[in-house]
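Me: Got a minute to go through a structure with me? I'd like a feel for the fold before I set anything up.

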Amino acid sequence: MKRIWILLIGTLLCADTIDCTQVFESRKGELLHEVEKIDEARQSFEALQAATNALFEKQKNALKEKESALAKTKAEIDAKEKQIASMIEENKKLLEQVESKKNDKVDETYVKMKDAAAAAIVEKLPVHEGAAMLFGLPPKKVSQIMGKMNPQIASEIMQQLKKGPPFVENNQTK
């Protein structure tokens with residue numbers, strides 16, 4: 001029985017040695033094939049990575065160009081806004097000068113007018129407009145004109161004059 005066991009173990013050992021060599025040889029071919037697949041996949045990955053990097057750089061450059069164009073446009077808009085603001089200020093000053101000249105001219109006209117004629121005109125104006133017109137006249141002329149006016153209208157205008165400018169319509173029109 002000892003012999004049988006030795007023979008069996010010896011046969012198994014020899015059979016394993018032969019099979020191991022054959023397995024390693026067949027496995028070597030499979031491993032080389034797998035290495036080739038991995039190398040192809042690595043090369044594909046590197047190509048994809050290079051293409052992605054190139055696309056990223058292209059997009060980054062396009063973004064920088066757009067940002068610089070936007071900055072330039074913003075600077076132009078800011079310059080135009082400043083120019084418009086200065087023009088508005090200039091126009092306001094001119095408007096004030098024109099209004100002042102107009103008011104001076106109107107005031108001059110009423111100062112030179114006879115009191116009764118001026119009173120008749122002011123009575124026909126809306127109360128707020130009459131008050132605005134009388135506000136620019138000298139106090140002596142105002143008292144002379146109001147002395148010639150209807151007392152009711154003169155009273156309403158005096159109330160507006162007490163409030164002071166700006167004289168706005170209170171839904172009262174004459």
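What follows is a chat about the helices, the pocket and a few single residues.

Me: Before anything else, is this model predicted or experimental?
Reply: It's a predicted model.

Me: OK. How many helices and how many strands are in the chain?
Reply: Five helices and zero strands. From the N terminus on, the order reads α-α-α-α-α.

Me: And what percentage of the residues count as buried?
Reply: 16% of the 174 residues. The chain exposes about 14,300 Å², and 62% of that comes from carbon and sulfur atoms.

Me: What about contacts, how much is long-range in sequence?
Reply: If you take the contacts in the chain with a separation of 6 or more, 66% of them are between residues 24 or more positions apart.

Me: Switching to pockets. What volume does the largest pocket have?
Reply: About 160 Å³. Two elements give two or more residues to its lining, namely α1 (2-112) and α3 (127-135).

Me: Which of them gives the largest share?
Reply: That's α1, with five residues of the lining.

Me: Can you list the lining residues for me? Which ones are they?
Reply: Sure: K102, N103, V106, D107, Y110, L125, E129, A132 and M133. By type, the lining divides into five nonpolar, one polar and three charged residues.

Me: D104 isn't on that list, but I'm curious about it. Where is D104 placed?
Reply: D104 is in helix α1. With a relative accessible area of 43%, D104 is partly exposed. The C-alpha atoms of D104 and G136 are separated by 7.9 Å, although the two residues are 32 apart along the chain.

Me: Next, α2. Which residues of that helix are buried?
Reply: Helix α2 covers residues 115-124, and its buried residues are D115, A118, A119 and V122. They span an arc of only 100° around the axis, so they sit on the same side of α2.

Me: How about α4, which residues are buried there?
Reply: In α4 the buried ones are K141, V142, I145 and M146. Their arc around the axis is only 130°, which puts them on the same side of α4.

Me: And what does the face turned away from that buried side carry?
Reply: That face of α4 carries the exposed residues P139, K140 and G147.

Me: Hang on, a lysine in the buried set. Why does K141 count as buried?
Reply: Because its relative accessibility is 10%, and the cut-off for buried is under 20% relative accessible area.

Me: What does K141 touch, then?
Reply: Not counting residues up to four places away in sequence, K141 touches Y110, V111, M113, K114 and D115. Two of those names came up earlier: Y110 is one of the residues lining the largest pocket, and D115 is among the buried residues of α2.

Me: Another lysine, K148. Where is that one, and is it buried or exposed?
Reply: K148 is in the loop between α4 (139-147) and α5 (151-163). K148 is exposed, with a relative accessible area of 52%.

Me: Which residues is K148 in contact with?
Reply: Leaving aside neighbours within four places in sequence, K148 is in contact with D115, A116, A119 and E123. The C-alpha atoms of K148 and A118 are 8.7 Å apart, with their positions 30 residues apart along the chain.

Me: Last one, H128. Which helix does H128 lie in?
Reply: H128 lies in helix α3. H128 is buried, at a relative accessible area of 13%.

Me: And what does H128 touch?
Reply: Q160, F167, V168 and E169, with residues up to four places away in sequence not counted.

Conventions:
Residues are numbered from 1 along each chain as its sequence is written. This is a predicted model: local features need pLDDT of at least 70, side-chain atom pairs count only at pLDDT 80 or more; totals for chains, interfaces and linings use all residues. Side-chain values use heavy atoms; hydrogens and water are left out. On a 1 Å grid over the protein atoms alone, a cavity is a set of points where a 1.4 Å probe fits but cannot get out, and a pocket is an open set with protein on both sides within 12 Å along at least five of seven lines; lining residues have an atom within 4 Å of a point. Grid points are joined across faces, edges and corners, and a volume is the space filled by probe spheres set on the points. Helices (H or I, at least four residues) and strands (E, at least two) are DSSP runs, numbered from the N terminus. Ala, Val, Leu, Ile, Met, Phe, Trp, Tyr, Cys and Pro count as nonpolar, Asp, Glu, Lys and Arg as charged, and the others, Gly among them, as polar. Buried means under 20% relative accessible area, exposed over 50%, partly exposed in between (1.4 Å probe, protein chains only). Contact means heavy atoms within 4.5 Å. Accessible areas come from the Shrake-Rupley method with a 1.4 Å probe; for residues, only the protein chains shown count as cover. The arc is that of the directions from the helix axis to the C-beta atoms.
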